[in-house]
Amino acid sequence: DCMSEDNTSGVKTPVWYWIVAVLAVLWNGFGAFDYYMTQSRNADYLAAFTPEQLAYFTSFPTWFSAVWALSVFGALLGSLLLLLRNGLAIPVFILATLCYAIALVYNFGLSGGMEIMGVAGVITSLVIGLILIGLLILARWGKARGILT
């Protein structure tokens, strides 16, 4: 019946929930990997970027790097909390989403990121934001139905 029952609470968790949670961990794990590779200035990883993009990425102020870290690692932690069916996923996703919104405003409104990353960069960033909001909605849905405790 596409549901799995938790032995302790008796709440049925849809199989699709587990699939989405695992995909969220993988997706946000890549975000954390991207952050690490960019911040550690891994030459092989950064070889795909133009010199202008590299200069842009390496010019981020420290506060921005911290906001970016809170966003990506918060999203990864929130995804892991979804897998653990832990209600702390909600405040963690709220923090990650707020930090991501701050990063978007800085990237595309204050620092010229649109000129550097182009339309594809804007679209990619918006998709990432929508996925993050979707995961927050999923966490709230799971909490309301007793899937998250």
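The exercises below walk through a predicted model of one protein chain.

**Exercise 1. Overall layout**

Find how many helices and strands the protein has, and give their order.

Solution. Start with the count: the protein has 6 helices and 2 strands. Next, read from the N terminus: the order is β-β-α-α-α-α-α-α. Then take the extent: the C-alpha atoms fill a box of roughly 55 × 30 × 25 Å along the principal axes. Now turn to burial: 40% of the 149 residues count as buried. Last, look at contacts between residues at least 6 apart in sequence: 69% of them join residues at least 24 apart.

**Exercise 2. The length of a helix**

Check whether the span of α4 agrees with its 22 residues.

Solution. Helix α4 covers residues 62-83. The rule takes 1.5 Å times one less than the number of residues. For the 22 residues of α4, the expected span is therefore 32 Å. The end C-alpha atoms of α4 lie 32 Å apart, so the two values agree. Now step past the end of the helix: just after α4, Arg85 has a positive phi of about 55°.

**Exercise 3. Aromatic pairs**

Classify the ring pair of Tyr35 and Trp68, then that of Tyr56 and Phe60.

Solution. Two values are needed. A pair of aromatic rings is described by the distance of the centres and the angle of the planes. The model holds 16 aromatic pairs. Take Tyr35 and Trp68: their centres are 4.8 Å apart, with 80° between the planes. An angle over 60 degrees counts as edge-to-face, and this pair is edge-to-face. Where do the partners sit? Tyr35 is in helix α1 (residues 15-39) and Trp68 is in helix α4, 33 residues apart, so the pair links distant parts of the chain. Both Tyr35 and Trp68 are buried.

Now take Tyr56 and Phe60. This pair is also edge-to-face, at 5.1 Å centre to centre and 80° between the planes. Tyr56 and Phe60 are both buried. Finally, widen the view: these four residues belong to one aromatic cluster, whose members also include Phe49, Trp63 and Tyr106.

**Exercise 4. The nonpolar cores**

Name the residues with the most contacts inside the largest nonpolar core, and find which helix gives the most to it.

Solution. The largest nonpolar core has 20 residues. Leu82, Ala89, Phe93 and Ala139 have the most contacts inside it. Helices α1, α4, α5 (89-110) and α6 (113-144) each supply at least two residues of this core. Helix α5 gives the most, with 6 residues. Follow Leu82 outward: leaving aside neighbours within four places in sequence, its contacts include Tyr17, Ala21, Leu135 and Leu148. A second, separate core has 12 residues, among them Tyr56, Val67, Trp68 and Cys99.

**Exercise 5. The largest pocket**

State how much space lies in the largest pocket, and which helix supplies the largest share of its lining.

Solution. The largest pocket holds about 760 Å³ of space. Its lining has 30 residues. Asp34, Trp68, Tyr100, Ser125 and Ile128 lie nearest the centre. Helices α1, α3 (51-57), α4, α5 and α6 each supply at least two lining residues. The largest share, 9 residues, comes from α6.

**Exercise 6. One residue of α6**

Decide whether Ala120 is buried or exposed.

Solution. Ala120 is in helix α6. Its relative accessibility is 52%. The cut-off for exposed is over 50%, so Ala120 counts as exposed. For a distance, compare Pro14: Ala120 and Pro14 are 106 residues apart in sequence and 34 Å apart in space, C-alpha to C-alpha.

Definitions and conventions:
Residues numbered from 1 in each chain as written. Predicted model: local features only at pLDDT ≥ 70, side-chain atom pairs only at ≥ 80, totals over all residues. Heavy atoms only, no water. Phe/Tyr/Trp six-rings, centres within 6.5 Å; stacked < 30°, edge-to-face > 60°. Helix = DSSP H or I, 4+ residues; strand = E, 2+ residues; numbered from the N terminus. Buried < 20%, exposed > 50% of the residue type's maximum accessible area, 1.4 Å probe, protein only. Core = buried A, V, L, I, M, F, W, Y, C linked by side-chain atoms within 4.5 Å. Contact = heavy atoms within 4.5 Å. 1 Å grid on protein atoms, 1.4 Å probe; cavity = no way out; pocket = protein on both sides within 12 Å on 5 of 7 lines; lining within 4 Å. Points joined across faces, edges and corners; volume = space filled by probe spheres on them.
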